[in-house]
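User: I would like a close look at a single part of this protein, taken slowly and with its surroundings described as well. Please start with the part itself and then work outwards.

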Amino acid sequence: MNTQDKTRMDKVTVELTFDEALALTGVRFGQDRQIGTSARQKIRAACQKTIDFSPADGVDYEQLN
């Protein structure tokens, strides 16, 4: 079995607002598109503390508007 195929069992803790959690489930907030972006940023930041991401994998969140 290839080591890349293994599922990571590490746990991360992220504090999200209620609206951010809803946005991650697919609920759309037409009036404020930054809610989902903010939630994804928090998730990515928590993962970056655990996994060493290459800079090429970065997302320019300013262009997601």
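Analyst: In this predicted model, helix α2 is made up of 17 residues and spans 25 Å from its first C-alpha to its last, which is close to the 24 Å expected at 1.5 Å a residue. The helix runs through residues 34–50, while α1 covers residues 18–25, and the protein has two helices and zero strands.

Several positions along α2 are buried, namely Ile35, Gly36, Thr37, Ala39, Arg44 and Ala46, and α1 is included in what covers the buried residues of α2. For the protein as a whole, 15% of the 65 residues count as buried.

The two helices are also linked through side chains, since the structure holds one salt bridge, formed by Glu20 and Lys42, whose closest N and O atoms are 2.9 Å apart. Because Glu20 lies in α1 and Lys42 in α2, the pair ties together parts that are 22 residues apart in sequence. The two partners can be set side by side in terms of accessibility: Glu20 has a relative accessible area of 5% and is buried, whereas Lys42, at 31% relative accessibility, counts as partly exposed.

Turning from the salt bridge to the open space beside the helix, the largest pocket has a volume of about 260 Å³. It is lined by 12 residues, of which Val27, Arg28, Phe29, Arg33 and Gly36 are the closest to its centre. The helix α2 gives the most to this lining, with three residues. Gly36 thus appears twice in this account, as one of the buried residues of α2 and as one of the residues closest to the centre of the largest pocket.

Arg33, another of the residues closest to the pocket centre, is placed in the loop between α1 and α2. With a relative accessibility of 63%, Arg33 counts as exposed, the cut-off for that class being over 50%. From Arg33 to Ala23 the separation is 10 residues in sequence and 9.2 Å in space, taken C-alpha to C-alpha.

Two values for the whole protein complete the surroundings of the helix. Among contacts between residues at least 6 apart in sequence, 39% join residues at least 24 apart. The accessible surface of the protein amounts to about 5,600 Å², and carbon and sulfur atoms account for 49% of that area.

Key
Residues numbered from 1 in each chain as written. Predicted model: local features only at pLDDT ≥ 70, side-chain atom pairs only at ≥ 80, totals over all residues. Heavy atoms only, no water. Salt bridge = Lys/Arg side-chain N within 4 Å of Asp/Glu carboxyl O. Helix = DSSP H or I, 4+ residues; strand = E, 2+ residues; numbered from the N terminus. Buried < 20%, exposed > 50% of the residue type's maximum accessible area, 1.4 Å probe, protein only. Contact = heavy atoms within 4.5 Å. Areas by Shrake-Rupley, 256 points an atom, 1.4 Å probe, with all protein chains shown as cover. Expected span 1.5 Å × (residues − 1). 1 Å grid on protein atoms, 1.4 Å probe; cavity = no way out; pocket = protein on both sides within 12 Å on 5 of 7 lines; lining within 4 Å. Points joined across faces, edges and corners; volume = space filled by probe spheres on them.
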